[in-house]
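The exercises below are meant to be worked through with the sequence and the 3D view side by side. Try each task before reading its solution.

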Amino acid sequence: MQSIAQIKERLTACPASDLPALLLEYEADSRKGVQNLLARFQKIYQQAQAEQQRLEAMLTYEKAAYQNGYTYIAGIDEVGRGPLAGPVVAAAVILPQNHKIPFVNDSKQLSAQKRAVLAEQIKKEALAYAIGIIPNERIDEINILQATYEAMRQALSQLSVQPDFILADAVTIPKITIPQQSIIKGDAKSLSIAAASILAKVTRDAMMEEMANVYPHYDFASNKGYGSQKHIAGIAQYGLCPIHRRSFVGKILQRQNNSTEKGNVGQALAVREMQKHGYVILEQNYRSGHGEIDIIAQKEDVIVFTEVKRRTSDSHGIPAEAVDQKKRTRILHTAQAYLALREWYDCPCRFDIAEILEQDGQTYFRYTENAFGEEDTY
């Protein structure tokens, strides 16, 4: 009789497509260790089947193009339309007909480590791939949309295999004579576009990580040029560096400053009103790795975590509706971190919403206690 270790070795080495037959071979073995192995590898087989089905669905647009007589289909996508710094990068990828690369997906759905591994696999298995890079100076000169088109045309022109059909993520590329199809959220629907999104993302991220060494004050390694808090703080202290997009930074900083100013005014009003009603303010803008809580207060023996919402209309429903489930989860986790840090494990707590309403030149304050549960508004 084979040992459990030997059975595990056979199962591990077995291709996913052949697992059902091998699992059946050991089905009568009643040893608990063997049965646990069978259950584990049955799940692995089911996951492999599900992945094959997902990949098959992501070839829908490619197969339609093949049926229409096209042979070389280029998927194209870009990364970097929104950042304050760095280039916009586009990638074009031509995969072999009906070729599947497991786990290729919209690059935003993958970890950095997984993207790096898949990028190398895509480069090895693609019929052709190319990258287009448009720097920040050109973005400022012609605007980001035109720069995106330029990056895409550049990538297409550098392919070693000439495509006869293009699948593009959410855009129709001007000045291109090759037939093309725009697919909304194409990086999640087309395998070719998803592969391009991975190459574009890995390429641009690597460039921004290198720039972090050249310009260390802006946290480019983490934010990749997007307007994170550390990035904005770096600009405020050190000014702009050569890779900043001048046409972006002014507008976004002004918008952020206006938003921050309004948020501070709303929060100050909430604090005053809460103090009038007997709340003792413990913290403002408390941050953890999970998120931020606007106000932490205490009323009698209850710790109160308050989210401040500023509105210009009361047409959007009750305050409890202003915080979606994702936001609630972040607030809950941040509150747990706050309580754990102070070892207040048995302390009763509550989650409230303070709402600042501005209508017809008047400012109103509305406060909802227990906003994640039963409402009690004054």
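Rings of Phe, Tyr and Trp, the last taken by its six-membered ring, count as a pair if their centres lie within 6.5 Å. The model examined here is a predicted one.

**Exercise 1.** Find which residues form one aromatic cluster, and decide how the rings of Tyr-218 and Phe-220 are arranged.

*Solution.* Begin with the total, which is eight aromatic pairs in the structure. Tyr-218 and Phe-220 make one such pair, with 5.4 Å from centre to centre and 20° between the planes; because planes under 30 degrees apart count as stacked, this pair is stacked. Both Tyr-218 and Phe-220 are buried. The cluster consists of Tyr-286, Phe-305, Tyr-338, Trp-344 and Phe-351.

**Exercise 2.** Describe the largest nonpolar core, and state which helix gives the largest share of it.

*Solution.* The largest nonpolar core has 36 residues, and Phe-220 is among those with the most contacts inside it, together with Ile-76, Leu-156, Leu-159 and Ile-173. Helix α7, residues 144-157, supplies the largest share of this core, namely seven residues. A second, separate core has 23 residues, including Val-79, Leu-110, Leu-191 and Ala-195.

**Exercise 3.** Work out why Cys-349 is in no disulfide, and whether it is buried or partly exposed.

*Solution.* A disulfide requires two cysteine sulfur atoms within 2.5 Å. For Cys-349 the nearest cysteine sulfur belongs to Cys-347 and is 7.0 Å away, so Cys-349 is in no disulfide. The count for the structure is zero disulfides. With 35% relative accessibility, Cys-349 is partly exposed, whereas Cys-14, at a relative accessible area of 16%, is buried.

Key
Residues are numbered from 1 along each chain as its sequence is written. This is a predicted model: local features need pLDDT of at least 70, side-chain atom pairs count only at pLDDT 80 or more; totals for chains, interfaces and linings use all residues. Side-chain values use heavy atoms; hydrogens and water are left out. Rings of Phe, Tyr and Trp (its six-membered ring) pair if their centres lie within 6.5 Å; planes under 30 degrees apart count as stacked, over 60 as edge-to-face and the rest as tilted. Buried means under 20% relative accessible area, exposed over 50%, partly exposed in between (1.4 Å probe, protein chains only). A nonpolar core is a set of buried Ala, Val, Leu, Ile, Met, Phe, Trp, Tyr and Cys residues joined through side-chain atoms within 4.5 Å. Helices (H or I, at least four residues) and strands (E, at least two) are DSSP runs, numbered from the N terminus.
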